[in-house]
Amino acid sequence: QVRLVESGGGLVQSGGSLRLSCDASGLPEDLDYYAIVWFRQATGKEREAVACINNSEGKRHYVDFVKGRFTISRDRVNAKNTVYLQMNSLKPEDTAVYYCATDLNYYCSNYGGDREFKYWGQGTQVTVSS
């Protein structure tokens, strides 16, 4: 059974940093094989895509409002089943529950569109105070 678990959220002041982790288990192959997407959902708003990293090629994609501030990456040192989201220069508008997701495909095509993701984590809360 595929399971994704996010961690690393918390309360931080505006301008601060957090690193979120997405740990995977039960995958047919190592997480390295699959595209992983980070989403977020703020209270009262629709869920939105934030960033995507494709399979072992490691190509990264970001939505405009996080470019230059957020970095998505894979753990290539340890078990290879963790994807990170390093968030710098955080703003109050970044406050949301952050989720990682995958549909076990390799690439990030249409990750911010109507592509449906089958597997989701439970989310981790990020709160940025002004």
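**Exercise 1. Strand 11 and its partners**

Task: In this predicted model, find the bridge partner of glycine 10 in strand 11. Then work out which strands pair with strand 11, and in which sense.

Solution.
- Step 1. Glycine 10 has valine 126 as its bridge partner in strand 11.
- Step 2. Widen the view to the strands. Strand 2 (residues 10–13) pairs with strand 11 over four bridges, in the parallel sense.
- Step 3. Now take alanine 96. Its bridge partner in strand 11 is also valine 126.
- Step 4. Strand 9 and strand 11 pair over three bridges, and here the sense is antiparallel.
- Step 5. Check the faces of strand 11 (residues 124–129). Thr124, Val126 and Val128 make up the covered face. Gln125, Thr127 and Ser129 make up the uncovered one.

**Exercise 2. The open sheet**

Task: Give the strand order of the four-stranded open sheet. Why is one side of strand 1 and of strand 7 left without a neighbour?

Solution.
- Step 1. The order is 1-3-8-7, with antiparallel pairing.
- Step 2. Strand 1 (3–7) and strand 7 (70–74) are at the edges. Each has a single partner strand, so one side of each lacks a neighbour in the sheet.
- Step 3. Neighbouring strands of the sheet are turned by 15° against each other on average, direction ignored.
- Step 4. Inspect the pairing of strand 3 (residues 18–25) with strand 8 (residues 82–87). Six bridges join them in the antiparallel sense. Leucine 20 stands opposite leucine 85, and cysteine 22 has valine 83 as its bridge partner.
- Step 5. Turn to strand 7. Five bridges join strand 7 to strand 8, again antiparallel. Phenylalanine 70 is bridged to methionine 87.
- Step 6. Strand 8 is mostly covered, with five of its six residues buried.

**Exercise 3. Asparagine 88**

Task: Where does asparagine 88 lie, and which residues beyond its sequence neighbours are in contact with asparagine 88?

Solution.
- Step 1. Asparagine 88 is in the loop between strand 8 and strand 9 (96–102).
- Step 2. Its relative accessibility is 30%, so asparagine 88 counts as partly exposed. The cut-offs are under 20% for buried and over 50% for exposed.
- Step 3. Leave aside neighbours within four places in sequence. The contacts are then Gly16, Ser17, Arg69 and Phe70.
- Step 4. Glycine 68 is 20 residues from asparagine 88 along the chain, and their C-alpha atoms are separated by 8.6 Å.

**Exercise 4. A salt-bridge network**

Task: The whole structure holds six salt bridges. Which residues does the network with shared partners join?

Solution.
- Step 1. Start at arginine 40. Its side chain meets glutamate 48 in a salt bridge at 2.8 Å, N to O.
- Step 2. Compare burial. Arginine 40 is buried, at 5% relative accessible area. Glutamate 48, at 31%, counts as partly exposed.
- Step 3. Arginine 40 also meets aspartate 94 in a salt bridge, at 2.8 Å. Arginine 40 is in strand 4, and aspartate 94 is in the loop between strand 8 and strand 9, 54 residues apart. Both are buried.
- Step 4. Arginine 69 and aspartate 94 form a salt bridge at 2.7 Å. Arginine 69 lies in the loop between strand 6 (60–62) and strand 7, so the pair ties together parts 25 residues apart in sequence. Arginine 69 and aspartate 94 are both buried.
- Step 5. Shared partners join Arg40, Glu48, Arg69 and Asp94 into one network.

Notes. Residues are numbered from 1 along each chain as its sequence is written. This is a predicted model: local features need pLDDT of at least 70, side-chain atom pairs count only at pLDDT 80 or more; totals for chains, interfaces and linings use all residues. Side-chain values use heavy atoms; hydrogens and water are left out. Two strands pair if DSSP finds at least two bridges between them. Helices (H or I, at least four residues) and strands (E, at least two) are DSSP runs, numbered from the N terminus. Axes are lines fitted to C-alpha atoms, for helices over the stretch in contact, and angles run from 0 to 180 degrees between N-to-C directions. Buried means under 20% relative accessible area, exposed over 50%, partly exposed in between (1.4 Å probe, protein chains only). Contact means heavy atoms within 4.5 Å. A salt bridge is a side-chain nitrogen of Lys or Arg within 4 Å of a carboxyl oxygen of Asp or Glu.
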